[in-house]
Amino acid sequence: MTEVASEILSSPRLLLVEDETKTRESVAEGLRLEGWTVTTAADGGEASGVLEREAFDLIVLDWMLPDRDGLAVLRETRVRGVQTPVLMLTARGAVDDRVLGLETGADDYLAKPFAFVELLARCRALLRRPVLGTGPVLRCGDLQLDTRARVAVRAGGEIPLTPREVDVLEYLLRYQGQIVTREMLERDVWKQTHRFTSLDNVIDVQLMRLRKKVDADGAEKLIHTLRGLGYRLGKEPA
Ligand code: CA
């Protein structure tokens, strides 16, 4: 595993979507004590909003929510190309529901009520799976990056990249479909943990250069700038 990948997983970013306040707060607290970085959402609308602004390594998603249900949130997330593993929480035991959820892109299920240790074990197991493209080759459309050889290829031609550009491209590919903020790049790629001086300009220049190389010559645009938010790598949703 490369340095970037191990860094991502050292304090995994988890989104917990759960409308029951007590469950949400106790699970969030338990996960934080285990070293996870936890963001919570209390309904489907809030979850969708958070997922449009931030990237996560894992999503724990309650099926039954007061507004849009977990399945709708999951479907929308997968349509955007987000590959983050999803553990669905469900009180439903019906086989049909599980099949529907799995077809929509859920990676695992946990029936309520559950013990925290079981949730934690399932979360850890999902992070170990190669779903975030932890294999040596990461892909998006006709772009691929061999993370061992550190060679990027698009439409059959090699893209000449600097070592830093390879790091950034690998990071964007691992979080493809999700918004990668400058703060994330600063911490995980530039390894700057304090903000005495902001690297925003350095990062913007670096991303502009990378985009010129990756999205050159009328190729489909894969690296997108989201003003005030960050960057996202992925095909535009149809
Ligand atoms: Ca619920």
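Colleague: What spacing do the donors of the calcium ion follow along the chain?

Modeller: In this predicted model, the spacing is D-x42-D-x1-M. The protein donors are Asp19 (OD), Asp62 (OD) and Met64 (O).

Colleague: What makes Asp19, Asp62 and Met64 donors of the calcium ion?

Modeller: They lie 2.1 to 2.3 Å from the calcium ion. The cut-off for Ca is 3.2 Å, and it applies to N, O and S atoms. The atoms concerned are OD of Asp19, OD of Asp62 and O of Met64, so they count as donors. Water is not among the atoms, so the site may look incomplete.

Colleague: Why does Asp62 count as buried?

Modeller: Asp62 has 2% relative accessibility. Buried means under 20%, so Asp62 counts as buried.

Colleague: And why is Met64 called partly exposed?

Modeller: The relative accessible area of Met64 is 46%. Buried means under 20% and exposed over 50%, with partly exposed in between, so Met64 is partly exposed.

Colleague: Away from the calcium ion, what makes S6 and S7 a pair?

Modeller: A pair needs at least two bridges. Four bridges join S6 (residues 137-140) to S7, and the two strands run antiparallel, so they pair. Within this arrangement, Val137 stands opposite Asp146 in S7.

Colleague: How do you know that S7 and S8 pair too?

Modeller: By the cut-off of at least two bridges: S7 and S8 (residues 151-154) have four, in the antiparallel sense. Leu143 stands opposite Arg154 in S8, and the bridge partner of Asp146 in S8 is Val151.

Colleague: What lies between the strands in the two hairpins?

Modeller: The hairpin of S6 and S7 has two residues between the strands, and Gly141 takes a positive phi near 60°. The hairpin of S7 and S8 has four residues between them; Arg150 in the turn has a positive phi of about 55°.

Colleague: Which strands are called the edge strands, and why?

Modeller: The open sheet of four strands has the order S6-S7-S8-S9, with antiparallel pairing. S6 and S9 (157-159) are the edge strands: each pairs on one side only. The twist averages 25° from one strand to the next. Helix H7 (residues 163-174) packs on the sheet and touches S6, S7 and S8.

Colleague: How do the side chains point along S7?

Modeller: They alternate along S7 (residues 143-146). Leu143 and Leu145 point to one face and are buried, while Gln144 and Asp146 point to the other and are not. In a regular strand the side chains alternate between the two faces of the sheet.

Key:
Residues are numbered from 1 along each chain as its sequence is written. This is a predicted model: local features need pLDDT of at least 70, side-chain atom pairs count only at pLDDT 80 or more; totals for chains, interfaces and linings use all residues. Side-chain values use heavy atoms; hydrogens and water are left out. Buried means under 20% relative accessible area, exposed over 50%, partly exposed in between (1.4 Å probe, protein chains only). Donors are N, O and S atoms within 2.8 Å of the metal (3.2 Å for Na, K and Ca); water is not among the atoms, so sites may look incomplete. Axes are lines fitted to C-alpha atoms, for helices over the stretch in contact, and angles run from 0 to 180 degrees between N-to-C directions. Contact means heavy atoms within 4.5 Å.
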